[in-house]
Amino acid sequence: MSLDPKIAARLKRTADGLVCAVVQERSTRDVLMVAWMNDEALELTLTTRKATYFSRSRRQLWVKGETSGHTQHVHEVRLDCDGDTLLLVVDQVDGACHTGDHTCFDADLLLG
């Protein structure tokens with residue numbers, strides 16, 4: 001299994017082959033988190049509808065919620081106009097943040 005060449009050709013990746021993924025909850029439109037995807041993670045996400053990311057610290061793929069149960073069912077994947085950011089629209093089960101918060105953006109309001 002490999003990423004569709006037409007999609008792969010449109011991606012602008014970082015030097016280490018990653019694309020930024022912004023994750024938005026379908027029902028609330030809350031921005032839940034930001035993660036990274038390589039081609040394999042994107043292909044698995046498109047194929048399974050289970051949000052799959054690439055961990056930069058562990059240097060491996062991870063399926064969101066595989067160990068915690070806080071899963072993301074993917075409804076849409078969009079590519080931005082520059083080809084360097086993906087938007088995933090998901091149904092989130094429980095908190096999206098590794099801290100257990102609903103979103104990774106609950107903790108620090110810098111300007112409101």
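## The S3–S4 hairpin

In this predicted model, Tyr53 has Trp62 in strand S4 as its bridge partner. The neighbouring pair follows the antiparallel pattern of the two strands, with Phe54 matched to Leu61 in S4. Strand S3 covers residues 52-55 and strand S4 covers residues 60-63, and the two are joined in the antiparallel sense over four bridges. Neither face of S3 is left open, since Thr52 and Phe54 are buried on one side, while Tyr53 and Ser55 are buried on the other.

Four residues lie between the strands of this hairpin, and one of the residues to look at is Arg59, which takes a positive phi. The value for Arg59 is near 55 degrees, in a residue that is not glycine, and its place is the loop between S3 and S4.

## Positive phi values in the loops

Most residues other than glycine have a negative phi. Against that background, Arg29 deserves attention, with a positive phi near 70 degrees. Arg29 sits in the loop that runs between strand S1 (19-25) and strand S2 (31-37), and with a relative accessible area of 46% it is partly exposed.

A positive phi also appears in the hairpin of S5 and S6, where five residues lie between the strands and Gly83 in the turn has a value of about 80 degrees. Here the residue is a glycine, whereas Arg29 and Arg59 are residues other than glycine.

## The S5–S6 hairpin

Strand S5 (residues 72-79) and strand S6 (residues 85-92) also pair in the antiparallel sense, in this case over seven bridges. Within this pairing, Val77 stands opposite Leu88 in S6.

The side chains of Glu76 and Arg78 meet in a salt bridge, with an N to O distance of 2.7 Å. Glu76 is partly exposed at a relative accessible area of 30%, and Arg78, at 49%, is likewise counted as partly exposed.

## Salt bridges across the chain

Side chains of opposite charge can pair when their charged atoms come close. The structure holds three salt bridges, among them the contact between Glu76 and Arg78 already described.

Another joins Arg13 to Asp39, whose closest N and O atoms are 2.9 Å apart. Because Arg13 belongs to the loop between helix H1 (5-10) and S1, while Asp39 belongs to helix H2 (residues 39-48), this pair ties together parts that are 26 residues apart in sequence. Arg13 is partly exposed at 34% relative accessibility, and Asp39 is partly exposed at 27%.

Asp91 and Arg26 also meet through their side chains in a salt bridge, at 3.2 Å from N to O. This pair links distant parts of the chain, with Asp91 in strand S6 and Arg26 in the loop between S1 and S2, 65 residues apart. Asp91 has a relative accessible area of 27% and is partly exposed, and Arg26, at 41% relative accessibility, is partly exposed as well.

## A nonpolar surface patch

Val31, Val34 and Phe105 together make a nonpolar patch of about 260 Å² on the surface. Of these residues, Val31 lies in strand S2, and at 37% relative accessibility it counts as partly exposed. Patches are built from residues with over 30% relative accessible area, so the 37% of Val31 lies above that cut-off.

How values were computed: Residues numbered from 1 in each chain as written. Heavy atoms only, no water. Buried < 20%, exposed > 50% of the residue type's maximum accessible area, 1.4 Å probe, protein only. Pairing = 2+ DSSP bridges. Patch = residues over 30% accessible without salt bridge, like charges linked within 9 Å, V, L, I, M, F, W, Y side chains within 5 Å. Areas by Shrake-Rupley, 256 points an atom, 1.4 Å probe, with all protein chains shown as cover. Salt bridge = Lys/Arg side-chain N within 4 Å of Asp/Glu carboxyl O.
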